[in-house]
Amino acid sequence: MATSALAIATAKPLTHRFSNSKHTSSPSFSCSCSSSTPLPPPNEPKLSFNSKPVAKQCVFNVGVGLLAASILACSPLEADATRIEYFATVGEPQCELNYAKSGLGYCDVIVGSGVEAPRGELVNIHYTARFADGIVFDSSYKRARPLTMRIGLGKVIKGLDQGILGGEGVPPMLVGGKRRLQIPPNLAYGPEPAGCFSGDCNIPANATLLYDINFVGIYSGNAK
């Protein structure tokens with residue numbers, strides 16, 4: 001179980017407490033370090049530490065606490081570094097969707113300058129997949145590498161085949177392009193839920209899916 005940085009940095013119960021008896025409502029100074037040095041008389045307004053080892057021990061304890069807190073605070077940021085990129089496509093510029101006869105919605109955020117995807121060949125794409133309400137349910141960015149898939153042979157859902165390869169009024173994507181797709185249920189997973197494991201399904205039945213596609217390139221391992 002991960003330990004909260006707050007729990008590490010929080011001081012232990014007070015061992016020494018100093019206050020000015022003339023101002024009972026003013027905040028008190030406390031230190032969690034123990035010492036055998038006797039407390040000053042109650043009417044003594046001055047604060048002092050005559051024991052150097054005690055002061056050094058207090059500084060050391062504070063330093064260790066700050067170091068532990070900084071390690072715990074920084075680790076999640078490093079662990080979640082890919083998650084920043086994972087959600088990056090959600091904030092890309094909007095574009096107005098066009099609709100094919102099949103019901104597929106599409107628009108180009110960036111029109112690529114490379115080649116088209118050859119039918120039946122492997123291509124590399126980055127994608128972020130969301131439900132109609134905007135909730136992300138899958139992304140290649142989370143895995144920190146593009147997805148390699150075979151296009152145009154029914155190896156993926158129909159909406160991705162048509163949205164990348166083109167057809168029925170949809171222009172083909174070009175390498176380097178970014179396209180937004182709105183895939184209706186009949187071009188996605190239809191009336192059956194998908195991504196099910198032990199009774200839990202990632203995608204509900206009749207779900208409309210939104211894909212942000214980044215056409216990275218043609219897979220270099222394709223047969224010549």
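**Close-up 1. Helix α4 sits largely enclosed by the rest of the structure.** In this predicted model, α4 covers residues 158-165, and 7 of its 8 residues are buried, so the helix is largely wrapped up by what surrounds it. The buried set is made up of Gly-159, Leu-160, Asp-161, Gln-162, Gly-163, Ile-164 and Leu-165.

**Close-up 2. Strands pack against the buried residues of α4.** What do the buried residues of α4 pack against? Their partners are β5 (122-131), β7 (147-150), β8 (178-183) and β11 (209-218). Just past the helix comes Gly-166, with a positive phi of about 95°.

**Close-up 3. Ser-139 is a buried residue in strand β6.** The strand spans residues 136-139. Is Ser-139 buried or exposed? Its relative accessibility is 1%, and buried means under 20%, so Ser-139 counts as buried. Its side chain makes a polar contact of 3.4 Å with the side chain of Thr-128. The Ser-139 side chain also reaches the backbone nitrogen of Tyr-141, at 3.1 Å.

**Close-up 4. Two stretches of the chain have pLDDT below 50.** For the chain overall, the mean pLDDT is 73, with 58% of residues at 70 or more. Residues 44-52 fall below 50, and this stretch has 4 contacts in the model beyond near neighbours in sequence. Residues 66-86 are also below 50; here the model shows 16 contacts beyond near neighbours in sequence.

Key. Residues are numbered from 1 along each chain as its sequence is written. This is a predicted model: local features need pLDDT of at least 70, side-chain atom pairs count only at pLDDT 80 or more; totals for chains, interfaces and linings use all residues. Side-chain values use heavy atoms; hydrogens and water are left out. pLDDT is the predictor's confidence in each residue, from 0 to 100. Contact means heavy atoms within 4.5 Å. Buried means under 20% relative accessible area, exposed over 50%, partly exposed in between (1.4 Å probe, protein chains only). Helices (H or I, at least four residues) and strands (E, at least two) are DSSP runs, numbered from the N terminus. A polar contact is a pair of N or O atoms within 3.5 Å; within protein, one must be able to donate a hydrogen and the other to accept it, and residues adjacent in sequence count only if both atoms are side-chain atoms.
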